Amino acid sequence: MRLWKVALPVAVLATGVLPAQAVSEQTVSYRGYQVTVPADWPVVDLAKDPTACVRYDRPAVYLGTSTAQADCPAHLVGRSRGLVLEPLTKAPRSTDGELQRGIEDAGVLATAYYAPGGATAARQVLDTGRVTTKTSRLAQPKATAATPTVVATGSLLGGFAFDTCAAPSQSAMDAWLYPNSGYKAVGIYISGNVRGCAQPNLTPSWVSTNAAKGWQFLLIDVGLQAPCGPYSAEKKMSADPATARAQGRTAAANAVSSAQALGFAQRSAIYSDIEAYTSTASCKAAVLSYLSGWTLELNTRGYVGGAYVGAASGGVDLSSAYNDTAYTRPDNLWFARWNMVTNTTDDRYIPAAYWTNRQRVHQYQGDHDETHGGVKINIDSNAVNLTAPPAPVTGFDAVGQYSTATLRWTVPTGTQLGQVIVRRNTGTTPPPLPNVGTSVYAGTGSSFTATGLANATSYAFRAWVKDSSGKIGPGVDTVLVGTGSTIAASVPSVSYGGAVTLYTRATRKDNGASLTGVPLSLYARAKNSSTWREVARVTSDGTGQASSVQKPTVSTVYAWGYNGSTDLLGSRSGNATIEVRPTITANLAPAAIKLGATTTFYGYLRPQHPGTTVYLQRLTGPNWPTVATSKLNSTGNYGFSIKPTARGNHYYRVVWLADADHATTVSATKSVAVS
């Protein structure tokens, strides 16, 4: 591949280049807009030379736009700084390496391109701009979001692709449409801060038009290069593997944004262009780390991670680490070896046993001219053997209950299904990859009930389709937001036959918002039982609160609960134990006796508890010692005969001790006067 790294002299530029002024700066005017640039920047007027290539690898000022097929080399890597001034026909969109401004009063779109780290200098150039002739004001076009629908490359088995630096004009694409040429796919440079060509033709409309005509696409990002490669320092990735990995993830995120803006959907492969380098151990570690971060980020976002490498450099390094779990290897491999062998496996640098699942592209011929349909383009030629991963499931949703969730999905028709993989994380961020997080399901069904989910906890699920060949499609997410329920009681205990009010408030765990207008259930179990039953169902009010009045007959444990719904996991409150004290009556007759006479202390217990013991106690100083015991009869009645041995007032009470169902209860105190 031809590698352009430095600016060429003005003399070699195409017709329309104005000679540099012999001063340190020059003023360039276009459509009533002036900007000051370095004097040694050539000025290329595309109206005079419509086939001139807008090259980012050298400094220049380009004026206007052209729909003619640009005379660009097949491949450029490197970035200088310069300026493109053109009519304001599209909304400005700044990306990494391109800073755009719309000048509405002049109807001009200004694009300052720059090498990595050069954003400030590019902004300073744009800041010199001024409108000198205000034309009729042209409103800045609104950005239109493309709907990502095109999968690149969908399916190209044993076919051929060409790639070229600048996306060809539509007339050129039509002239080359198969079978006019032998190519069914085109490689296009969609992103990257070291990309060498402007892309005036590459628009969502261009993509959708050519996809409808049968073209397929190989997407290329030209980002940071190997630290041991032949580029200046600002164009190289870090030699530190951890930093290089992070740089790869950032590059992938930017590439996905560019792909989506053009209309390329998930399942598309995007290739990181790592040019040839002379490998060392540290350089290899940096490249592998960069491509690991690249692939991981793309996979997380539902895209396929590809790498374009020289077979003898990146191809060797990637192959040597093919089974090294310290790295995430690229899904697809596009290798350059210009041996004119038009297959994807015959290469002495890359074992044929690697990347065997229709994951290869072989660039077998470097930049050369080809003419089809009367149109000449400088291209690289590639043999392609690719398939896309399967389409994702649809309708993935979760219905929450308490501690369980029912998950449902639909596998797209026509999928050669291997299995559906479902995994989860706690919280609201799903596992990024199918080997991360907690396994929930792996099988061929269309639903599954996940159990063992923690109370008051949110869960994020992601489902992937794995086809029969082993390729895994994009993940699809659903989140079950955890809920919380509180409990409070009006009193901790009641007498038999009495009432208690149980209160609750239900909320979402993600934002604390109240669950209003939802059914909340009050559950109860006897204190000595493990079986819960629903005893009330109440609709929460506008603050998420509800209450229920209960008359427990035995000591009872209560808990409030929200039973869940679509996207909300059920929950249970803590427990509130309400002790129930039996009702015990106390009677004394007669209440006044002579010394030596007797009186009767009697009453009953409700509920009856026949055969259990009641204790007669007499106040002695500060204490209540037991002076007699008796068994409750079949109707729950008791009676004691009392014969005091001294004159004065004597105080008595009866105590029934707690059992499994009821709390200890004490009768009223009765007084007998002895004279």
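Visitor: How many Å separate the centres of domain 1 and domain 4?
Guide: Keep in mind that this is a predicted model. Domain 1 covers 25-131, while domain 4 covers 582-674. Taken over C-alpha atoms, their centres are separated by 104 Å.

Visitor: Okay, and which strands sit at the edges of the open sheet?
Guide: Strands of a sheet pair through backbone hydrogen bonds, either parallel or antiparallel. Here three strands line up in the order β2-β3-β9, with antiparallel pairing. An edge strand pairs on one side only, and that fits β2 (25-30) and β9 (130-131).

Visitor: Which residue in β9 is the bridge partner of Tyr33?
Guide: Start with strand β3, residues 33-38, which is joined to β9 by two bridges. The two strands run antiparallel. Tyr33 has its bridge partner in β9, and that partner is Val131.

Visitor: Which helix gives the largest share of the largest nonpolar core?
Guide: In soluble globular proteins, nonpolar side chains tend to be buried together. The largest core here has 54 residues, and Trp176 and Phe264 are among those touching the most other members. Eight of the core's residues come from one helix, the largest share, and that helix is α5 (residues 281-300).

Visitor: How many residues are in the second, separate core?
Guide: Look for Tyr33, the residue with a bridge partner in β9. Tyr33 belongs to this second core, along with others including Leu99, Ala110 and Ala122. The total for this core is 21 residues.

How values were computed
Residues are numbered from 1 along each chain as its sequence is written. This is a predicted model: local features need pLDDT of at least 70, side-chain atom pairs count only at pLDDT 80 or more; totals for chains, interfaces and linings use all residues. Side-chain values use heavy atoms; hydrogens and water are left out. Domain bounds come from an automatic or database domain assignment. Two strands pair if DSSP finds at least two bridges between them. Helices (H or I, at least four residues) and strands (E, at least two) are DSSP runs, numbered from the N terminus. A nonpolar core is a set of buried Ala, Val, Leu, Ile, Met, Phe, Trp, Tyr and Cys residues joined through side-chain atoms within 4.5 Å. Buried means under 20% relative accessible area, exposed over 50%, partly exposed in between (1.4 Å probe, protein chains only).
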